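Before reading on, please take a moment with the sequence and the model shown here. The paragraphs that follow go from one pair of residues outward to the sheet, the cores and the helices.

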Amino acid sequence: MERGPLMPNVGHPSKTRLILAVAAVLLLVTPIPADQGKQGPVKVFILAGQSNMEGQGKIAAVPQSNGGKGSLETLVESPATAARFHHLVDRDGKWIVRDDVWIWYLGRKGNLTVGYGAREDRIGPELGFGVVMGDCLDSQVLLVKVAWGGKSLAQDFRPPSSGGEVGPSYKELIRHVKDVLASLPSLFPDYDGRGYELAGFGWHQGWNDRINQAFNDEYEQNLANLIRDFRKELDVPKLPFVIAETGMSGHEERHPRALSLMRAQAAVAQYDEFRGNVAFVGTKDFYRPPEQSPSSQSYHWNSNAETYYLIGAAMGEAMKKLCGK
């Protein structure tokens, strides 16, 4: 990870002390290659869903977007939030690039940094999730993000066990994951052939099901089947699975379908077969109102970067527990 402290003020020490001080600082600020100090196979985490997994959190503090409120730049620079987000920039104020966490998102790939949201000026949950997992694991981490806007679980991601036509997005999800895992040497030059372990799955989706009563009614069943079918397809029977709540209006949400869908998401994690290997993450606390955000798009969490980062970090913390970390 390319980060390090500033050179200390050493005053006028002896020549020996000066050499030791400079050597120590150089060790701290020299980037460590991705494969140095890493152990075992690459830990692979799948992140999937629709537009809120794509990520709509704005990075730049654009004055026209509510004066930059809720942007990632403002979070890093504002005295009220800088302490919580300073780890996202290096000593020169540039965005950190994590060489211990790789990401692949529908053809875009590299070391994890900002800009892997729906567009290069956005972030999604991948940033917070990747920071948490990169900090906690000794192995190289790979995030495989597969997400498209406007996709339902009832049709687009429909799993085989739900009957009817298997969703095209479900098929694409499986295809992309298998293709990436089969192509690690060509996708990531630092990959050294140590193998990989499919280590977890993060899901953030629900808007297109919560606006349709029929889709809403079968959401719980479809989500449980998605977990079962993905595990079977990739041959990982107890693959840890984290469900992030579709809580875009915070604690003020009153719409019956929205409330029903969130109850369905929480219920799946309570199935006996999923205890200890599936977790539900509440997200209502991460909602920020339009007056604190770059936009008033409630279905996109008002484009608030803090919200998307916190969702990802909470998913990462839940995944840590499922993985026994």
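A good place to begin is Lys43, which stands opposite Val141 in β6. This pair belongs to the contact between β1 and β6, two strands that run parallel and are joined by 7 bridges. It should be kept in mind throughout that this is a predicted model. β1 has another partner in β7, to which 8 bridges join it, again with the two strands running parallel, and here Phe45 is the residue that stands opposite Gly200.

How many of the residues of β1 are buried? The strand is mostly covered, with 8 of its 8 residues buried, and this holds for both of its faces. Val42, Val44, Ile46 and Ala48 lie on one side, while Lys43, Phe45, Leu47 and Gly49 lie on the other.

From β1 the view can widen to the whole sheet, which is open and is formed by 7 strands in the order β4-β3-β6-β1-β7-β8-β9, with mixed pairing. Because β4 (residues 108-112) and β9 stand at the edges and have a single partner strand each, one side of each of them is left without a neighbour in the sheet. From one strand to the next, the twist averages 20°. Towards the β9 edge, β8 and β9 pair in the parallel sense over 4 bridges, and Ile243 has Phe280 in β9 as its bridge partner. A helix also packs on this sheet, namely α12, which touches β1, β7 (residues 196-204), β8 and β9, and whose direction makes about 150° with that of β8.

The next topic is the nonpolar interior. In soluble globular proteins, nonpolar side chains tend to be buried together. In this model the largest nonpolar core has 46 residues, and those with the most contacts inside it are Phe45, Leu72, Ile123, Met133 and Leu143. Two or more residues of this core come from each of β1 (42-49), α3 (72-77), β3 (98-105), α5 (125-136), β6 (141-147), β8 (241-244), β9 (278-281) and α12 (305-322). Which of these elements gives the most to the core? It is α12, with 11 residues.

Phe45, already met opposite Gly200, shows what such a position looks like in detail. Leaving aside residues up to four places away in sequence, Phe45 touches Phe129, Met133, Leu137, Val141, Leu142, Leu143, Val144, Ala199, Gly200, Met319 and Cys323. There is also a second, separate core of 41 residues, which includes Val42, Leu187, Phe188 and Leu223.

Away from the strands, a pair of helices deserves attention. Helix α6 (residues 168-182) and helix α10 (residues 219-234) pack at an angle of about 35°, their axes being 11 Å apart, and their crossing is right-handed. On the α6 side the residues that meet the other helix are Tyr170, Leu173, Ile174, Val177 and Lys178, and on the α10 side they are Leu226, Asp229, Phe230, Glu233 and Leu234. Sorted by class, this contact has 7 nonpolar and 3 charged residues, and no polar ones.

These parts can finally be set within the chain as a whole, which has 12 helices and 9 strands. Buried residues make up 52% of the 325 residues in the protein chain. Of the contacts with a separation of 6 or more, 72% are between residues 24 or more positions apart.

Notes:
Residues are numbered from 1 along each chain as its sequence is written. This is a predicted model: local features need pLDDT of at least 70, side-chain atom pairs count only at pLDDT 80 or more; totals for chains, interfaces and linings use all residues. Side-chain values use heavy atoms; hydrogens and water are left out. A nonpolar core is a set of buried Ala, Val, Leu, Ile, Met, Phe, Trp, Tyr and Cys residues joined through side-chain atoms within 4.5 Å. Buried means under 20% relative accessible area, exposed over 50%, partly exposed in between (1.4 Å probe, protein chains only). Contact means heavy atoms within 4.5 Å. Two strands pair if DSSP finds at least two bridges between them. Axes are lines fitted to C-alpha atoms, for helices over the stretch in contact, and angles run from 0 to 180 degrees between N-to-C directions. A crossing is left-handed if the near helix is turned anticlockwise from the far one by less than a right angle, and right-handed if clockwise. Ala, Val, Leu, Ile, Met, Phe, Trp, Tyr, Cys and Pro count as nonpolar, Asp, Glu, Lys and Arg as charged, and the others, Gly among them, as polar.
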